[in-house]
Amino acid sequence: PATPADIPLILALIRELAEYERAPQDAVATPELIHESLFGRGVGNGGRGPSAECVIGEIDGVPQGFALFFHNYSTWKGRSGLYLEDLFVRDDARGTGAGRALMTSLARRCAAEDLPRIEWAVMRGNTGGEAFYSRLGAAPQDHAIWRLDGEALAELGR
C-alpha cells in the first residue's frame, strides 16, 4: 500500500502513464491533491477522508508500477466493488508479472471484503492492455464511458 512518502513516486508514475497515453498535458495532479485523495483531509476530495487508494508494485525493491482504485457501487448487485482508475507498469517491467501481481492484490482485497467485482476502462486501441486483461479472465462490457467536464460541466451546473 502507498504511504504519504510515496506521493512523489505516484506522481512520477502518473506522468509516465500520461506520456504513454500521449496526453502529458492532461496530468495536472499535484502532490497536495494526491495527498488529499489518498490520505484524506482537504479540498481535493471535498474535505472527506480518503477517496482512493494506491498500491505500488516493486521488483527487487524497485518501484515498477501502481494500481490506483476506489470503491464504486452496483445498484444491480446492491453492493460495492472496486473501480480500477489506473494500472500502470513501466516498460522495462512489462512481461515480468508485475501487472498481474497488482491485479492479484486487488482480487485479494475483493475476497477479503466480499466485493463482487473489479471494473475499469481500457483506452481504444490499447490492444496490449486488452490482451493482458483477457489473460486474467476479464471481459469487455457493453457500456461506453461518457464524460462531462470543462465548460459543459460548468454550464450544466449553473
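**Exercise 1. Determine what the buried residues of H2 pack against.**

Solution. The buried residues of H2 pack against helix H1 (7–20), strand S1 (53–59) and S2, where a contact means heavy atoms within 4.5 Å. Helices (H or I, at least four residues) and strands (E, at least two) are DSSP runs, numbered from the N terminus. Helix H2 itself covers residues 31–39, and its buried residues are Ile34, Glu36, Ser37 and Leu38; buried means under 20% relative accessible area, exposed over 50%, and partly exposed in between, with a 1.4 Å probe and protein chains only. Just after H2, Gly40 takes a positive phi of about 90°.

The model is predicted, so that local features need pLDDT of at least 70 and side-chain atom pairs count only at pLDDT 80 or more, whereas totals for chains, interfaces and linings use all residues. Residues are numbered from 1 along each chain as its sequence is written, and side-chain values use heavy atoms, with hydrogens and water left out.

**Exercise 2. Describe the surroundings of Ser74 in strand S2.**

Solution. Begin with the element: Ser74 lies in strand S2, which covers residues 62–74. Next, take the accessibility: Ser74 counts as buried because its relative accessibility is 6%. Then examine the polar partner: the side chain of Ser74 reaches the backbone nitrogen of Trp76 at 3.3 Å. Finally, leaving aside residues up to four places away in sequence, Ser74 touches Arg79 and Arg117.

**Exercise 3. Establish whether Met103 is buried or exposed, and list which residues Met103 touches.**

Solution. Met103 belongs to helix H3, residues 98–113. With a relative accessible area of 7%, Met103 is buried. When residues up to four places away in sequence are not counted, Met103 touches Leu84, Leu87, Trp120, Phe132, Tyr133 and Leu136. As for Leu9, this residue and Met103 are 94 residues apart in sequence and 19 Å apart in space, C-alpha to C-alpha.

**Exercise 4. Compare the radius of gyration of the protein with that of a compact globule, and place the result beside the overall fold pattern.**

Solution. The radius of gyration is taken over C-alpha atoms, and the globule rule is 2.2 Å times the number of residues to the power 0.38. For 158 residues a compact globule would have a value near 15 Å, and the 16 Å of the protein agrees with this. The C-alpha trace spans about 50 × 40 × 35 Å along its principal axes. The protein has 5 helices and 4 strands, which follow the pattern α-α-β-β-β-α-β-α-α along the sequence. Buried residues make up 32% of the 158 residues.

Definitions and conventions
A polar contact is a pair of N or O atoms within 3.5 Å; within protein, one must be able to donate a hydrogen and the other to accept it, and residues adjacent in sequence count only if both atoms are side-chain atoms.
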